[in-house]
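These are my notebook entries, written as I looked things up one after another. I begin with charged pairs, then turn to a helix, the surface and the backbone.

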Amino acid sequence: MLNYRQLHYFWVVAKTGSIVRACEQLNLTPQTISGQISLLEQTYGIELFRRVGRQLELTEAGRQTLPYAEQMFQLGGELELMLRAQPNEQQILFRVGVADVVPKSIVYRLIAPTMELSEPLRITCREDKLERLLADLAIQRLDLVISDSPMPSHLDIKGYSQKLGECGISFFATAELTARYGQDFPRSLHGAPLLIPGPETVVRSRLQRWFAEQQIQPRIVGEFDDSALMQAFGQSGSGIFIGPSVIADEVKRQCGVELIGQTDAVRESFYAISVERKVKHPGIVAITEGARRELFTEM
């Protein structure tokens, strides 16, 4: 069986960069730490570190081991915090994964109702690609995944999708670009500089289909998986950018941009994916009810 103490020594040395600094953190002697790491290497017939001059460098086996150790001891830290909490101070842990294509303003407004619950929650949010988040959901490292699409049918993962809501899209730009392209929407978008979501987003294909139907061909100057980065480029005047209409006022206020036009022919949808068919976690309940009651009131 894997010796977790030996693995912990390896992890601390890898994170601190030297046995000396690991000794200071663990309050152990160099002989103890190096000896335990050597035993770990002997057990599996591998070499985790190699010495280059006075420095230690991870071997290929060490580089492959490190992310596993990172995850294990991160979870161990969370477990320790939970166990050390006083009974009257215990919080319900709510671990939310957010697909990186979902606009941050939407994420905040979806999660905000959980902060008002009478039961105290400790929320952890992690942003990543959808498939990696769903893999963590399957092994219960996450309680919920927020995405712009439901559970993909090709994945052999047990999960249930709840549609939180949908809305049309809006086009935003600086005052200078709005003055040039703001008249006769959407025809004014023909030849206009446009920043669009990356190919992994659902709205990208819907947007392109709408352009084709309208016989509009904008000049694509940038593609972004991260909506916040797309907004930053749009705010600088690099091009016109899109966002969910439900947060149009917020985008204008935060980015200091103007609204060029809106369309309901292109819809953005948002989903909550969990392993429970009948949702029980108070955080998930708060998100689903809040989305339908406050954010997406048209549903």
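**Entry 1: a charged pair within one helix**

I began with E60 and R63, whose side chains meet in a salt bridge, with 2.9 Å from N to O. I keep in mind throughout that this is a predicted model. Both residues of the pair lie in helix α4, which covers residues 60-84, and E60 and R63 are three residues apart, about one turn of the helix. I noted the general rule here: an α-helix has 3.6 residues a turn, so residues three or four places apart point the same way. Looking up how open each partner is, I found E60 partly exposed, at 43% relative accessibility, and R63 also partly exposed, at 45%.

**Entry 2: charged pairs between separate elements**

I then searched the whole structure for salt bridges, and the search finds 17. One of them joins D100 to K129, with the closest N and O atoms 3.1 Å apart. D100 lies in the loop between β3 (92-99) and α5 (104-111), while K129 lies in the loop between β4 (121-128) and α6 (130-138), so this pair ties together parts that are 29 residues apart in sequence. Is D100 buried or exposed? I have D100 down as buried, because its relative accessible area is 14%, a value under the 20% limit for that class. Its partner K129 is partly exposed, with a relative accessible area of 24%.

Another pair is E223 with R204, whose side chains meet in a salt bridge at 3.1 Å, N to O. Since E223 lies in strand β8 and R204 in helix α8, the pair ties together parts that are 19 residues apart in sequence. Here E223 counts as partly exposed at 46% relative accessibility, whereas R204 is buried, with a relative accessible area of 12%. I also recorded that salt bridges sharing partners join D100, K129, E200 and D225 into one network.

**Entry 3: helix α8**

R204 led me to look at α8 itself, and I checked its length against what its residue count predicts. The helix has 13 residues, 202-214, which at 1.5 Å a residue should span 18 Å, and its end C-alpha atoms are 19 Å apart, which agrees.

Which residues of α8 are buried? I listed V203, R204, L207, W210 and F211. Seen down the axis of α8, these buried residues fall within an arc of 130°, so they line one face of the helix. On the face turned away from that buried side, I found the exposed residues A212 and E213. The buried residues of α8 pack against β6 (160-173), β7 (193-197), β8 (219-224), β9 (240-244) and β10 (258-274).

**Entry 4: a surface patch and a buried glutamine**

On the surface I looked up a nonpolar patch formed by M1, Y4, Y68 and M72, which together have about 550 Å² of accessible area. Of these, M1 is found in the segment before α1 (4-16), and I noted M1 as exposed, at 93% relative accessibility.

Within helix α1 I looked at Q6, which counts as buried at 7% relative accessibility. Leaving out residues up to four places away in sequence, Q6 touches Q36, L39 and L40. I also looked up the separation between Q6 and T201, 195 residues apart along the chain, and their C-alpha atoms are separated by 43 Å.

**Entry 5: the backbone**

Last, I went through backbone angles, with a general point in mind: most residues other than glycine have a negative phi, and most peptide bonds are trans. The peptide bond from F185 to P186 is cis, with omega near 5°, and P186 lies in the loop between α7 (175-181) and β7.

Where is N27 found? It is in the loop between α2 (19-26) and α3 (30-44), and phi of N27 is near 60°, a positive value in a residue other than glycine. I have N27 down as exposed, with a relative accessible area of 69%. Q140 has a positive phi too, near 65°, and its place is in the loop between α6 and β5 (144-147). At 54% relative accessibility, Q140 counts as exposed.

Terms used:
Residues numbered from 1 in each chain as written. Predicted model: local features only at pLDDT ≥ 70, side-chain atom pairs only at ≥ 80, totals over all residues. Heavy atoms only, no water. Patch = residues over 30% accessible without salt bridge, like charges linked within 9 Å, V, L, I, M, F, W, Y side chains within 5 Å. Areas by Shrake-Rupley, 256 points an atom, 1.4 Å probe, with all protein chains shown as cover. Salt bridge = Lys/Arg side-chain N within 4 Å of Asp/Glu carboxyl O. Helix = DSSP H or I, 4+ residues; strand = E, 2+ residues; numbered from the N terminus. Buried < 20%, exposed > 50% of the residue type's maximum accessible area, 1.4 Å probe, protein only. Expected span 1.5 Å × (residues − 1). Arc of directions from axis to C-beta. Contact = heavy atoms within 4.5 Å.
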